[in-house]
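Here is a brief report on one protein chain. Keep the sequence and the 3D view open while reading.

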Amino acid sequence: MARRIVIASGKGGVGKTTVCVALGKALAAAGKKVLLLDFDNLRSIDLMLGAAGDVVFDWGDAAKGRCGVADAVLEADGLAFMTCPPDYDVLTNDDVKRLVREVEPGYDFLLFDAPAGIGRGLSLACAAAQKALVVATPDLVCVRAACRAAEQMESLGVRNSRLVINRAVYRDIRRKKLLNIDDVIDETGVQLIAIIPEDKNLRRAGMSGKLFAPRNLSYEPFRRLAKRIQGIQAPLWFV
Ligand SMILES: Nc1ncnc2c1ncn2[C@@H]1O[C@H](COP(=O)(O)OP(=O)(O)OP(=O)(O)O)[C@@H](O)[C@H]1O
Ligand SMILES: [Mg+2]
């Protein structure tokens, strides 16, 4: 059975999709079979993988039988992914569970990219998840949202959350311009699994629709996250 992980944050624009895609690539580079499912109906995984023009069917089409599951799985940049349907209202948590049961035998990891907010999209993204990564940048607004998202996911039955602190700038943390790591952990109440530094390569990748090659140094924090998710020891800090 695949390990099924939802990536959420509450607040928008903090790096959920970046973490989802880069973690997926790090796991794939370690020989794992990975499928990304986009649960954001504004859709961004296809854009981040530079494959927006290839999309014909989304996972909603597969869930509702308008196409086969394989028809809605796309491959780009070494990763398999399914895009989000434009309208959540016609889909149920049972649709997601059925779809995931059908698709998971071919994969080691399924990563579910949740939308911003703690509403219907998050509920669908959690429907078949076993574990969550809660992404937060080290600032008060984001930390409060991450805390709410973790609580909401717990109430949806996803109790196994781990915190990913994204866009950490060590100098600013030292100078108290950003919250320090201990404060973020305390305020969210979620156990830390990764710290991702602010990285201009990631910012450029977000703008260009192409992530860098897996050998790039910018992957190191995601390689470590990939290891820690698998229970392999890897240091947290990467400067
Ligand atoms: N560690 C980082 N360093 C620099 N830029 C980053 C980092 N992480 C994410 N970004 C940039 O931040 C922006 C938002 O990232 P992303 O789209 O992954 O956020 P999101 O949480 O998925 O947003 P949404 O809530 O809209 O789905 C992108 O331009 C991305 O390239
Ligand atoms: Mg996103």
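The report goes from overall dimensions to the sheet, the helices, the core and the backbone outliers.

## Overall dimensions

This is a predicted model. The protein chain has 10 helices and 8 strands. Its radius of gyration is 17 Å. A compact globule of 239 residues would come out near 18 Å, so the chain agrees with that expectation. Along the principal axes, the C-alpha atoms fill a box of roughly 55 × 40 × 30 Å.

Of the 239 residues, 47% count as buried. Contacts reach far along the sequence. Take those between residues at least 6 apart: 79% of them join residues at least 24 apart.

## The sheet

The sheet is open and has 8 strands, in the order β3-β4-β2-β5-β1-β6-β7-β8. Its pairing is mixed. Strands β3 and β8 (191-197) form the edges, each pairing on one side only. On average, neighbouring strands are turned by 25 degrees against each other, direction ignored.

Strand β1 (residues 3-8) runs parallel to β6 (residues 131-136), and 4 bridges join them. Ile 7 has Leu 133 of β6 as its bridge partner.

## From β6 to β8

Strand β7 is mostly covered, with 7 of its 9 residues buried. Its link to β6 is parallel and counts 6 bridges. One pair there is Lys 131 with Asn 160 of β7. Between these two strands the chain passes through helix α6 (residues 140-155), and this β-α-β crossover is right-handed.

β7 also pairs with β8, again in the parallel sense, over 6 bridges. Here Leu 163 stands opposite Leu 192 of β8.

## Helices on the sheet

Helix α8 (residues 181-188) lies across β6, β7 and β8. It runs at about 145 degrees to β7.

Helix α10 (residues 220-229) has these buried residues: Pro 221, Phe 222, Arg 224, Leu 225, Ala 226 and Ile 229. They pack against α1 (16-29), β7 and β8. After α10 comes Gly 231, with a positive phi near 80 degrees.

## The nonpolar core

Which residues touch the most other members of the largest nonpolar core? They are Val 6, Ile 7, Phe 112 and Val 134, out of 77 residues in that core.

Phe 112 shows how such a residue is connected. Neighbours within four places in sequence are left aside here. Phe 112 is then in contact with Ile 5, Val 6 and Ile 7, and also with Leu 37, Phe 39, Ala 125 and Ala 129. Thus two of the residues with the most core contacts, Val 6 and Ile 7, are among the partners of Phe 112.

## Backbone outliers

Most residues other than glycine have a negative phi. Two exceptions are worth a look in the model. Asp 77 has a positive phi near 55 degrees. Asp 77 sits in the loop between β3 (74-76) and β4 (79-82). Arg 167 has a positive phi of about 60 degrees, though it is not a glycine. Arg 167 belongs to strand β7 (residues 160-168).

Is each of these two residues buried or partly exposed? Asp 77 is partly exposed, because 18 other C-beta atoms lie within 10 Å, and 20 or more are needed for a buried residue. Arg 167 is buried, because its count within 10 Å is 22.

Technical notes. Residues numbered from 1 in each chain as written. Chains lettered and ligands numbered in written order. Predicted model: local features only at pLDDT ≥ 70, side-chain atom pairs only at ≥ 80, totals over all residues. Buried ≥ 20, exposed ≤ 12 C-beta atoms within 10 Å, placed from the backbone. Core = buried A, V, L, I, M, F, W, Y, C linked by C-beta atoms within 7 Å. Contact = placed C-beta atoms within 7 Å. Pairing = 2+ DSSP bridges. Axes fitted to C-alpha atoms, helices over the stretch in contact; angles between N-to-C directions. Rg over C-alpha atoms; globule rule 2.2 N^0.38 Å. Right-handed = clockwise from strand over helix to strand, strands pointing away.
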